[in-house]
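Colleague: I have the model open and would like a close look at one charged residue, with the rest of the fold as background. Please start there and work outwards.

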Amino acid sequence: MKVEKSTFYNIQLSDLQLFLYVAKYKNFTKAGELMYMTQPGVSKRIHHLEKELGLILFYRTKRDVFLTPAGQTLEKCLQNILPELFDGITNAHIVQSGTSGILRIAYLQWGNPGFIPTIKKFTEIYPQFEIEISGKKFKELNDALLTDQADVIISTSYDCNRYKEDFYNLFYANTVPLTVCINKNNRLAQKKSVSILELKDQPVLFLNNTESPGYNTYVKKLFENYGIRPIIGSYADTGLEHIANISLDKGILFVSQYFMNQISNNNFVQIPVKDEYLHIVIVSKKENKSLVLGEFLKYILSTEAKW
């Protein structure tokens with residue numbers, strides 16, 4: 001069987017993107033809308049692409065278009081290559097122009113900054129970008145984002161209900177077990193995991209509503225789901241301020257494993273709560289058009305980013 005010789009001199013990158021849109025939507029008109037082209041214009045460019053490649057890419061009917069086996073092979077290849085190619089061109093422009101900037105990241109003060117390796121990798125890819133990282137309380141995190149003192153905040157799902165997706169980018173980076181911190185002498189301290197019902201007679205340590213109303217609502221809901229009310233112990237601004245209360249066996253504290261596993265204390269243990277999980281959430285304003293932020297958001301959505 002004769003193999004046609006392909007030429008690439010007259011192929012535009014936009015032709016390849018157009019091909020992927022036609023393949024995805026099986027419709028020239030829809031693909032044209034995405035590329036700001038008319039239906040005849042799409043048909044002309046696809047015919048040109050087929051001619052240049054020496055391939056028949058689509059079967060055509062009066063209503064639809066379908067990929068040929070050759071078209072399916074090309075689609076699979078371009079789906080992997082084209083996004084990386086576009087990113088490479090963008091990055092080359094950034095390097096050539098010497099574009100630089102600062103990305104300000106704020107994270108929960110009493111948390112474990114396990115995201116540091118991801119940030120380090122990002123700075124290796126973009127050495128011209130400067131990263132500023134600061135730990136803050138819940139309210140300070142929110143205030144920093146609202147007043148543009150931080151481009152990105154890293155928090156927990158129970159404190160992110162205030163951020164509406166119409167105005168904020170929310171990326172759920174990781175799912176971690178919910179745990180409870182209990183004094184080592186507590187009768188439940190030897191268990192490998194505990195249920196909410198087993199904790200119904202334990203005083204619960206809360207956060208001040210001015211700091212994190214989302215936390216208190218979340219914890220109360222855990223108990224309400226079982227038809228019971230939690231016993232309220234005491235309030236503080238952060239979980240760290242409750243360490244003494246836990247050490248004196250004055251209450252239990254619900255935390256994510258991610259945010260408390262850096263704390264070393266011989267007076268309490270951390271036990272997973274059965275069937276309960278939290279999300280680590282990365283939040284930024286949609287109206288923030290910072291180039292550095294844009295590149296960072298693209299990176300954390302990539303398969304390379306680890307949290």
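Modeller: Let's start with Glu-50, which is buried at a relative accessible area of 10%. Buried here means under 20% relative accessible area, exposed means over 50%, and partly exposed is in between, using a 1.4 Å probe and protein chains only. Before going on, bear in mind that this is a predicted model, where local features need pLDDT of at least 70 and side-chain atom pairs count only at pLDDT 80 or more, while totals for chains, interfaces and linings use all residues. Residues are numbered from 1 along each chain as its sequence is written, and side-chain values use heavy atoms, with hydrogens and water left out.

So what does Glu-50 pair with? Its side chain meets that of Arg-60 in a salt bridge, 2.9 Å from N to O. (A salt bridge is a side-chain nitrogen of Lys or Arg within 4 Å of a carboxyl oxygen of Asp or Glu.) Glu-50 sits in helix H3 (residues 39-53) and Arg-60 in strand E1 (residues 58-60), so the pair ties together parts that are 10 residues apart in sequence. Helices (H or I, at least four residues) and strands (E, at least two) are DSSP runs, numbered from the N terminus. Unlike buried Glu-50, Arg-60 is partly exposed, with a relative accessible area of 41%.

That pair is one of 11 salt bridges in the structure. Another joins Asp-151 to Arg-104, with the closest N and O atoms 3.0 Å apart. Asp-151 lies in the loop between helix H6 (138-146) and E5, while Arg-104 is in strand E3, so this one ties together parts 47 residues apart in sequence. Here too the acid is buried, Asp-151 having a relative accessible area of 4%, whereas Arg-104 is partly exposed at 27% relative accessibility.

The pair of Asp-201 and Arg-187 sits elsewhere: their side chains meet at 2.7 Å, N to O. Both residues lie in the loop between E6 and strand E7 (203-207), so the link ties together parts 14 residues apart in sequence. Asp-201 is partly exposed at 43% relative accessibility, and Arg-187 is exposed at 56%. Then there's a small network, in which salt bridges that share partners join Asp-148, Lys-285 and Glu-287.

Now back to E3, the strand that holds Arg-104. An open sheet of 6 strands runs in the order E4-E3-E5-E10-E6-E9, with mixed pairing. (Two strands pair if DSSP finds at least two bridges between them.) Strand E4 (129-136) and strand E9 (253-256) are the edges, each pairing on one side only. The twist averages 25° from one strand to the next. E3 (residues 101-108) pairs with E5 (residues 152-156) in the parallel sense over 3 bridges, and Ala-106 has Ile-153 of E5 as its bridge partner.

Beside Ala-106 in your view, look at Ile-105, also a residue of strand E3. Ile-105 counts as buried, at 1% relative accessibility. Leaving aside residues up to four places away in sequence, Ile-105 touches Ile-119, Ile-131, Glu-132, Ile-133, Ser-134, Val-152, Ile-154 and Phe-296. Contact means heavy atoms within 4.5 Å. With Glu-132, the C-alpha to C-alpha distance is 6.1 Å, although the two are 27 residues apart in sequence.

Two helices lie across this sheet. Helix H5 (residues 116-125) lies across E3 and E4, at about 165° to E4, and helix H7 (residues 213-224) lies across E6, E9 and E10, at about 110° to E9. Axes are lines fitted to C-alpha atoms, for helices over the stretch in contact, and angles run from 0 to 180 degrees between N-to-C directions.

To zoom out, the protein has 10 helices and 10 strands, and 43% of its 307 residues count as buried. Of the contacts with a separation of 6 or more, 74% come from residues 24 or more positions apart.
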